[in-house]
Amino acid sequence: MGDSSMSTDDIPKGKQTAVKLAETDFAADKREHDVGSAVADYWTRVRSGDLGAIPAILGLVGLVVLFTALRPDTFLSKGNIANLFIQALPYTILALGLVFVLLLGEIDLSAGVASGVCGAVMAKLITDSGQPWYVAVLAAVVTGVVIGSVIGWLVAWVRIPSFVVTLALFLGLQGVTLKLIGEGGTVPVRDDVIVAIANKNMPIWLGWTLAVVTALGYGVSQFLRWYRQHSRGLHAKPVQLIAARVAVVAVVLLLGTFLLSRDRAPSPLITLAGVPWGVPLVAVLLIIATFVLGRTSYGRHVYAVGGNAEAARRAGINVNRIRMSVFVIGSTLAAISGIVLASRLNSVAPGSGGGNTLLLGVGAAVIGGTSLFGGRGRARDAILGGLVIAVIDNGLGLLGTKAYANYLITGGVLLLAASIDAIASRRRSATGR
Amino acid sequence: MPGKAASVGAVTPLVTLRGVSKRFGPVQVLHDVDFTARAGEVTALVGDNGAGKTTLVKCVGGVHAPDAGEYRFDGRPVRLGSPREAAALGIEVVHQDLALCENLDIVENMFLGRERRLGVALDEAAMEDEAIRVLSRLSVRTIGSVRRRVSDLSGGQRQTVAIARAVLWDSRVVVLDEPAAALGVAQTQQVLEIVRRLADKGLAVILISHNMNDVFAVSDQIAALYLGRMAAQVRTADVTHRQVVELITSGRSGDLGLAV
């Protein structure tokens with residue numbers, strides 16, 4: 001076809017000057033980034049308001065230093081480090097579901113109490129009806145799916161703002177939990193499997209094996225991806241950066257396993273060591289969510305609808321279906337979070353999932369770097385933010401802060417995270433040319 | 001694709017509308033309009049606001065079905081019920097307000113809604129390859145990396161991405177609604193080069209524009225609508241700037257245009 005293309009002079013024209021056709025070949029930026037240019041690109045992105053994980057990591061380091069300074073004996077003790085991870089589990093899972101909702105620029109204010117309802121359903125089935133744990137867990141998850149479907153349907157098809165729908169459910173669902181459990185009562189959870197999630201540890205060898213396998217798997221997948229891109233001459237990050245990233249992940253995994261594999265029993269007579277079972281549960285959920293958001297067309301469509309719903313609609317994406325699905329995912333993960341919370345507390349109370357649970361979940365997602373304005377965020381944000389939230393929660397507990405101050409501080413942290421997000425987002429649109 | 005090679009430079013127009021009328025309630029928007037667009041040519045569609053340009057291209061693009069008249073695509077009569085059916089024939093419309101997601105990169109935008117997959121996972125490498133191939137075919141040299149986010153691109157670059165996305169699907173007809181409307185001088189020039197290049201590659205390009213300089217710079221034919229009627233469709237080489245303006249403003253110019 002190239003031969004048949006007309007040169008400028010042949011194009012039939014009126015009296016106006018013809019457009020000059022530049023015949024320069026396409027010179028797409030296929031150059032391999034070197035470390036310097038990649039770092040420079042990253043810095044440009046940060047300056048234009050794309051902060052990524054920076055606030056969460058800075059916050060995490062700062063808080064750990066702060067609490068270590070204030071409570072040098074207890075904060076970094078073996079037992080407390082394990083506590084931190086266990087405390088982070090429910091918030092992290094809740095936040096993981098909220099990341100999907102926030103990616104569309106929507107909000108689910110009922111996620112916390114939905115986790116309470118689902119936990120209550122599970123507890124009632126085990127304790128009162130004597131059902132096996134898997135039936136109870138399935139019922140809790142189905143409850144989450146139903147709640148999410150109702151929210152999604154009201155938001156996507158009836159077109160009520162998600163804020164209003166989920167505020168209504170926030171109130172309504174607390175009534176459901178209260179009805180299920182009865183006023184003033186609590187339902188104990190004694191099933192071995194459920195209790196084990198937050199209270200029992202994997203054997204030491206299994207913890208190490210999983211950590212090594214995960215680190216290797218991550219490394220192999222990253223290098224394979226780099227190799228595929230590199231060998232086809234496509235846009236690829238410099239291999240040194242990938243190596244550095246893999247090294248950081250491996251070190252974090254192995255260090256975490258090491259810290260949790262030490263005997264943390266308060267008495268020398270018993271041994272208490274190993275990675276809590278809830279940690280691999282969160283890891284699996286994180287891997288699935290990362291894959292879904294980053295590597296499937298469903299995930300791509302979630303980002304597209306969050307970025308520009310009209311463009312997504314014109315591209316043939318069923319926007320309503322996507323909108324409904326994120327609420328289903330959000331509430332389903334809330335159900336799992338409710339199960340883990342029940343495991344940690346060994347019981348479900350009428351107030352489960354109420355109070356500041358939701359605030360902490362949203363806070364975790366936003367602190368991790370997921371934008372409240374939609375279209376930006378990753379699954380790992382929930383983990384990073386969840387750890388920050390757990391450190392705050394745990395540290396304040398060690399300091400013996402009064403309840404009122406606890407609320408004030410947690411609310412303040414959420415506002416701070418939201419402010420960073422809002423300012424960064426304004427910067428993005430200002431530099432977005 | 002037997003039609004594809006044959007239609008390049010062929011005498012039969014790719015898109016032919018004969019006596020097309022369209023009415024919205026009491027308002028007759030198009031009266032008995034004839035319009036053709038040939039492969040390898042840029043057909044400019046001009047007319048004042050409300051003359052019916054957008055309705056006409058919506059009929060071409062399958063958004064509206066004409067109330068009366070004949071629509072032939074590559075010689076065969078067709079009746080398009082939706083933009084999807086039009087896309088299946090190879091007719092793509094690039095809207096005035098660009099339908100791009102700013103939080104996605106160029107490749108992701110170009111394949112949005114029609115991603116390539118390997119099993120359940122996205123085939124990123126294949127999509128990136130294909131995006132680069134299409135952009136090089138358009139001799140686009142102003143994009144930088146195809147993995148740049150659209151939010152980092154200028155207006156002209158965004159327009160380029162939107163156009164490239166339209167031709168990614170072996171399209172045969174591309175409708176461009178005011179592609180240079182909000183662009184600066186240099187960027188307009190770049191976009192017009194691409195418009196010209198699309199036609200040179202054998203596509204039928206329908207260009208809506210208000211800017212006479214742009215129209216004369218790239219078009220082979222000019223179709224002027226006046227109050228919902230086709231005042232004239234003429235070869236660009238045969239008319240002057242002033243004649244076209246008269247066709248737009250009064251529906252006739254000398255012996256051209258609508259009968260009094």
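Which residue in β10(B) is the bridge partner of B:V42? I looked it up, and B:V205 is the partner.

Before going on, I noted that this is a predicted model, where local features need pLDDT of at least 70, side-chain atom pairs count only at pLDDT 80 or more, and totals for chains, interfaces and linings use all residues. Residues are numbered from 1 along each chain as its sequence is written, chains are lettered from A in the order in which they are written, and side-chain values use heavy atoms, leaving out hydrogens and water.

**The sheet in chain B**

I found that β3 (residues 42-47) and β10 (residues 204-208) of chain B pair in the parallel sense over four bridges; strands are DSSP runs of E, at least two residues, and pairing takes at least two DSSP bridges. They sit in an open, mixed sheet of six strands, in the order β6-β9-β10-β3-β11-β12 (chain B). β6 (91-94) and β12 (229-235) of chain B each have a single partner strand, so one side of each has no neighbour in the sheet.

**The cores**

Next I checked the largest nonpolar core (buried Ala, Val, Leu, Ile, Met, Phe, Trp, Tyr and Cys joined through side-chain atoms within 4.5 Å; buried is under 20% relative accessible area, with a 1.4 Å probe and protein chains only). It has 95 residues, and A:M122, A:I147 and A:L293 touch the most other members. Helix α3 (residues 78-103) of chain A gives the most to this core, 14 residues; a helix is a DSSP run of H or I, at least four residues. Apart from it I found another core of 42 residues, including B:V205.

Notes. Buried means under 20% relative accessible area, exposed over 50%, partly exposed in between (1.4 Å probe, protein chains only).
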